[in-house]
Amino acid sequence: MADRSGSVAVIAATMRHLVIADLVFTVPAVIGLPFTGLAMVSWDVSIGWVQTAIVLYVLAGLPWFVAVKLQLDMRRLANDALASGSELPASYWLKTKIWAALGVPSFAFALLVIYLMVNKTLPWG
């Protein structure tokens, strides 16, 4: 929504808060999820759904790491534009599109991991 406002000040503030929120909420979840999931099965990684969850967890993390880098770049670009009183550069808008596109598979894979953790079975067998 901040991007839709077109206001560099709003976008810069939102990007600052987004980076902080990722640090406060997402990082602990990224660290905690595998530990809680593996603890639920007494650290038995030979179970089929656990193996699948681990693969999905890695697949969720790969685009997330790229997205974090993009967020940091977007925050810098927004802050630079605000400080100089200029418009956001085209690279900001490109990074925004890539960031949003990366969020879809990352979030979907994370939801599948949680599904497997809750149901403790593979949906296909």
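Gly-103 is found in helix H4, and this residue makes a convenient starting point for a walk through the structure, which is a predicted model. With a relative accessible area of 31%, Gly-103 is partly exposed, because that value falls between the 20% below which a residue counts as buried and the 50% above which it counts as exposed. If we look from Gly-103 towards Pro-63, we find two residues that are 40 residues apart in sequence, while their C-alpha atoms are 7.2 Å apart in space.

Before going further, it is worth asking how much confidence the predictor places in this model. The protein has an average pLDDT of 93, and 99% of the residues score at least 70. Among the elements of the protein, the highest mean pLDDT, 95, belongs to helix H3, which covers residues 48–84, whereas the lowest, 88, belongs to helix H1, made of residues 2–5. As a general caution, predicted coordinates should not be read in detail where pLDDT is low.

Staying with helix H4, we can look at two further residues that it carries, Ala-101 and Thr-96. Ala-101 has a relative accessible area of 49% and is therefore partly exposed, since a residue has to be over 50% to count as exposed. The C-alpha atom of Ala-101 is separated by 27 Å from that of Val-50, a residue 51 places away along the chain. Thr-96, by contrast, is buried, with a relative accessible area of 13%, and when residues up to four places away in sequence are not counted, Thr-96 touches Asp-3 and Met-74. Asp-3 falls within the residues 2–5 of helix H1, and Met-74 falls within the residues 48–84 of helix H3, so that the contacts of this one buried threonine lead us to two other helices.

How, then, are the helices arranged with respect to one another? Helices H3 and H4 pack at an angle of about 155°, and their axes are 8 Å apart. The two are therefore roughly antiparallel to each other, because angles over 145 degrees count as roughly antiparallel. In passing H4, helix H3 makes a left-handed crossing.

A similar description can be given for helices H2 and H3, whose axes come within 9 Å and cross at roughly 160°. H2 and H3 are therefore also roughly antiparallel to each other, and H2 passes H3 in a left-handed crossing.

The remaining pair to consider is H2 and H4, the latter made of residues 90–119, and here the axes come within 13 Å and cross at roughly 25°. That angle makes H2 roughly parallel to H4, because angles under 35 degrees count as roughly parallel. The crossing of H2 and H4 is left-handed. On the H2 side, the residues that meet H4 are Ile-11, Met-15, Leu-18, Leu-33, Thr-36, Gly-37 and Met-40, while on the H4 side their partners are Tyr-92, Trp-93, Trp-99, Val-113, Ile-114 and Met-117.

Two residues from those lists, Leu-33 and Val-113, appear again when we turn to Tyr-57, which is found in helix H3. Leaving aside its neighbours within four places in sequence, Tyr-57 is in contact with Val-30, Ile-31, Leu-33, Pro-34 and Val-113. Tyr-57 and Leu-33 are 24 residues apart along the chain, and their C-alpha atoms are separated by 9.0 Å. Tyr-57 counts as partly exposed, at 24% relative accessibility.

Our last stop is the loop between helix H2, which covers residues 8–40, and helix H3, where Ser-42 has its place. Ser-42 has a positive phi of about 55° although it is not a glycine, and at 61% relative accessibility this serine counts as exposed. Trp-43 is found in the loop between H2 and H3 as well, and this tryptophan has a positive phi of about 65°, again without being a glycine.

What kinds of ring pairs does the structure hold? A search of the whole structure finds three aromatic pairs. In one of them, the rings of Phe-35 and Trp-43 have their centres 6.2 Å apart and their planes at 65°, so the pair is edge-to-face, because planes over 60 degrees apart are counted in that way.

How values were computed:
Residues are numbered from 1 along each chain as its sequence is written. This is a predicted model: local features need pLDDT of at least 70, side-chain atom pairs count only at pLDDT 80 or more; totals for chains, interfaces and linings use all residues. Side-chain values use heavy atoms; hydrogens and water are left out. pLDDT is the predictor's confidence in each residue, from 0 to 100. Helices (H or I, at least four residues) and strands (E, at least two) are DSSP runs, numbered from the N terminus. Rings of Phe, Tyr and Trp (its six-membered ring) pair if their centres lie within 6.5 Å; planes under 30 degrees apart count as stacked, over 60 as edge-to-face and the rest as tilted. Buried means under 20% relative accessible area, exposed over 50%, partly exposed in between (1.4 Å probe, protein chains only). Contact means heavy atoms within 4.5 Å. Axes are lines fitted to C-alpha atoms, for helices over the stretch in contact, and angles run from 0 to 180 degrees between N-to-C directions. Angles under 35 degrees count as roughly parallel, over 145 as roughly antiparallel, 65 to 115 as roughly perpendicular and the rest as oblique. A crossing is left-handed if the near helix is turned anticlockwise from the far one by less than a right angle, and right-handed if clockwise.
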